[in-house]
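Student: I have a model open and would like to learn how to read it step by step. Could you walk me through it?

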Amino acid sequence: MLTQAPRGTKDVTPEVSALWQYVEAQMRDACAKAGYREVRTPTFEHTELFVRGVGDTTDVVQKEMYTFLDKGDRSVTLKPEGTAGVVRMLIENRLYAEAQPMKLYYLNSPIFRYEKPQSGRFREHHQFGVEAFGAAGATVDAEQIALAWDLLQGLGIKDLRLNVNSIGCPGCRPEYHDRLRAFLAQRLESLCGTCKERFDRNPMRILDCKSPECQRLITGTPSVLDCLCGECEAHFAALQETLGLFGLPFQVDPGIVRGLDYYTKTVFEILTDIGGGSLAITGGGRYDLLVEQLGGPTLPGVGFGMGMERVLMVMEAQGVAPPVQGLIDVFVCAQTPAARQPAMVLAMALRRAGIRADADHMARSLKAQFKYADKCAARTVAVLGEEELREGCVTLRDMATRVESRVPLDGAVEALKQCGG
C-alpha cells in the first residue's frame, strides 16, 4: 500500500529522530576522542566486491543481498555490510599511502539485507562502524573493543557482556577445518542443506548456522583455540592482557566465528539481556587479508559494526532516557496582527545570533501561542503587542519561573543571548 512503509523498514519520526541525533553525537564524540575520522561510501557497490570480500559461502551473499542489474546491464548490490565498501574506498583513493594506522568510522550508513523481519532486525537498517588499517598488534583490537564498550555504557545500557575469540589465520585454520570435518562427518546427513554445501568449502560457516537442529548437532565441536599457530596464539594472549589492563571484563567464547568470511584472528561480540534472552549489540574483529584480497597492498585491518536501530531498541527496553532538549529556546508571540511581521523579524535575528527561535505562522490567539510555546519546551516567550510596539520594547517571560521583564526591542537579542535564551 502507498501509505505503508515496505516490510522490514521503519520510519524515523521527529520525536524519534531526536534520540538518533543524541546517540549519533555520542558516537562521533567517542570516535573523535580516539582519533577516528568519518568517511561515507555509496549505498550500492559492484556485486563482485561483496562476493569476493564477504564470501560466497556466507548467508549474506547466498541469501540476503539485494542484487540487480542496472540500465548498463551491470550487477550492483545495495550494501549488506560496511567494511567492504570502506576497503574499496581505501584502495581507490590510496588512503593506505597516508600515515598509519588509518583510523576511520562511518555513521548512519544504510545497510540492506533480505531476511525475515523480527525484533532488532530490519531489511534496511543503519549502521555505525569503526575501522583501522595498518596496525597488526592486538592493542588496536582492544582499543576498538573499549571504544564500543565505553560508548554503550555511556549511553546507559546495562548488563553488558563481552565475549572474545580467535579464529586463527590461513596458516593454522586448515588443521582446524580437518578436525571440524572429522567431527561433523558423522552428523552430515542430519544437517540442513546449506550446511551440507558448506562442509567441503568452509566448514566453519556451519558453526554460524541459525537452524536450532544444526546448533544441537554441532554441540561439542572441537575448539579453534586448540589449533592456533604461535603467532595467532600470541596475538590472542596480547589481546586478553590489554583488555585486562583496560579494566574490561570478558569471557573467551570459542563458539564465536562471526558471519563474514574475511575475519582472521580476533572476533568479538558485546551482548546484553533483553526480553528474557541475550542480544548482540555489536560485534567485529580483525581482517588482515581483506585489503590485499580486494586488490590493495598487504595491510592488516580491524573493525566493528553497530546497528543504530538495535541500540535504540535496547535503550528503550531497558528504560534508558537520554537528556531531553526543548525544540526551541525562544518563542516570539505576536499579540496583534500588526506585531506579526516584527515578531518574525525578531525570531530571525535571534536565529542569526545562534539562538533557536520561532514565531507564530498560524495567526493563533495569544493564549494558543503560549500553549504552542509550551509544547515546544521554549525556555522564554517574547511578547510583542500594541503597547510593546508603541514603546519600542518586548516583554520576556521565563516559562519556568513565570517572571516577566521588559527590554528594549533593539537590545532583545543581546539580552536573550546573555540569559541563554
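Tutor: Here we go from the overall layout to single residues. Keep in mind that this is a predicted model.

Student: Let's begin with the whole chain. How many helices and strands are there in the protein?

Tutor: The protein has 15 helices and 16 strands. Its C-alpha trace spans about 90 × 50 × 45 Å along the principal axes.

Student: What radius of gyration does the protein have, and what would a compact globule of 421 residues have?

Tutor: The idea is to set the computed value beside the one for a compact globule. For 421 residues that would be near 22 Å, but the protein has 28 Å. The domain layout is a good thing to look at next. The domain assignment gives domain 1 as 14-172 + 228-317 and domain 2 as 330-418. Taken over C-alpha atoms, the centres of domain 1 and domain 2 are 48 Å apart.

Student: And what share of the contacts in the protein join residues at least 24 apart in sequence?

Tutor: Taking contacts between residues at least 6 apart in sequence, 69% join residues at least 24 apart. As for burial, 50% of the 421 residues count as buried.

Student: Now a single helix. How do I check the length of α1 against what its residues should span?

Tutor: Use the rise of 1.5 Å a residue: the 20 residues of helix α1 (residues 14-33) should span 28 Å, and the end C-alpha atoms are 29 Å apart, which agrees.

Student: Which residues of α1 are buried, and where do they sit around the axis?

Tutor: The buried ones are W20, V23, E24, M27, A30 and C31. They lie on the same side of α1 because they cover an arc of only 120° around the axis. The face turned away from that buried side carries the exposed residues P14, E15, Q21, A32 and K33.

Student: What do the buried residues of α1 pack against?

Tutor: Their partners are β5 (102-112), β6 (124-133), α5 (138-154), β11 (301-307) and α11 (308-317). After α1 comes G35, with a positive phi near 80°.

Student: You listed α11 as a partner. Is α11 largely enclosed or largely open?

Tutor: Count the buried residues: eight of the 10 in α11 are buried, so this helix is largely enclosed by the rest of the structure. Those buried residues are M308, E309, R310, V311, L312, M313, V314 and M315. G319 follows α11, and its phi is positive too, near 70°.

Student: Why look for nonpolar cores at all?

Tutor: Because in soluble globular proteins nonpolar side chains tend to be buried together. In this model the largest nonpolar core has 47 residues, and V87 and F133 have the most contacts inside it. Elements that each supply at least two residues of this core include α2 (47-53), α3 (59-64), α4 (83-92), β5 and α6 (173-185). Helix α4 gives the most, with six residues.

Student: Which residues is V87 in contact with, leaving aside its neighbours within four places in sequence?

Tutor: Those are F133, Y287, L290, V291 and L294. There is also a second, separate core of 44 residues, which includes W20, F128, M306 and M313. You have already met W20 among the buried residues of α1, and M313 among those of α11.

Student: Now for the backbone. Which peptide bond is cis?

Tutor: Look at omega. The bond from Q100 to P101 is cis, with omega near 5°. P101 is in the loop between α4 and β5.

Student: And where do I find a positive phi in a residue other than glycine?

Tutor: A377 is one example, with phi near 60°. A377 lies in the loop between α13 (366-375) and β14 (380-384), and counts as partly exposed at 42% relative accessibility. R402 is another example, with phi near 65°. R402 sits in the loop between β15 (393-398) and β16 (404-408) and is also partly exposed, at 46% relative accessibility.

Student: One last residue: is D200 buried or exposed?

Tutor: Compare its relative accessible area with the cut-off: exposed means over 50%. D200 has 56%, so it is exposed. This residue belongs to helix α7. D200 and H177 are 23 residues apart in sequence, and 9.1 Å separate them in space, C-alpha to C-alpha.

Technical notes. Residues numbered from 1 in each chain as written. Heavy atoms only, no water. Domains from an automatic or database assignment. Helix = DSSP H or I, 4+ residues; strand = E, 2+ residues; numbered from the N terminus. Expected span 1.5 Å × (residues − 1). Buried < 20%, exposed > 50% of the residue type's maximum accessible area, 1.4 Å probe, protein only. Arc of directions from axis to C-beta. Contact = heavy atoms within 4.5 Å. Core = buried A, V, L, I, M, F, W, Y, C linked by side-chain atoms within 4.5 Å. Rg over C-alpha atoms; globule rule 2.2 N^0.38 Å.
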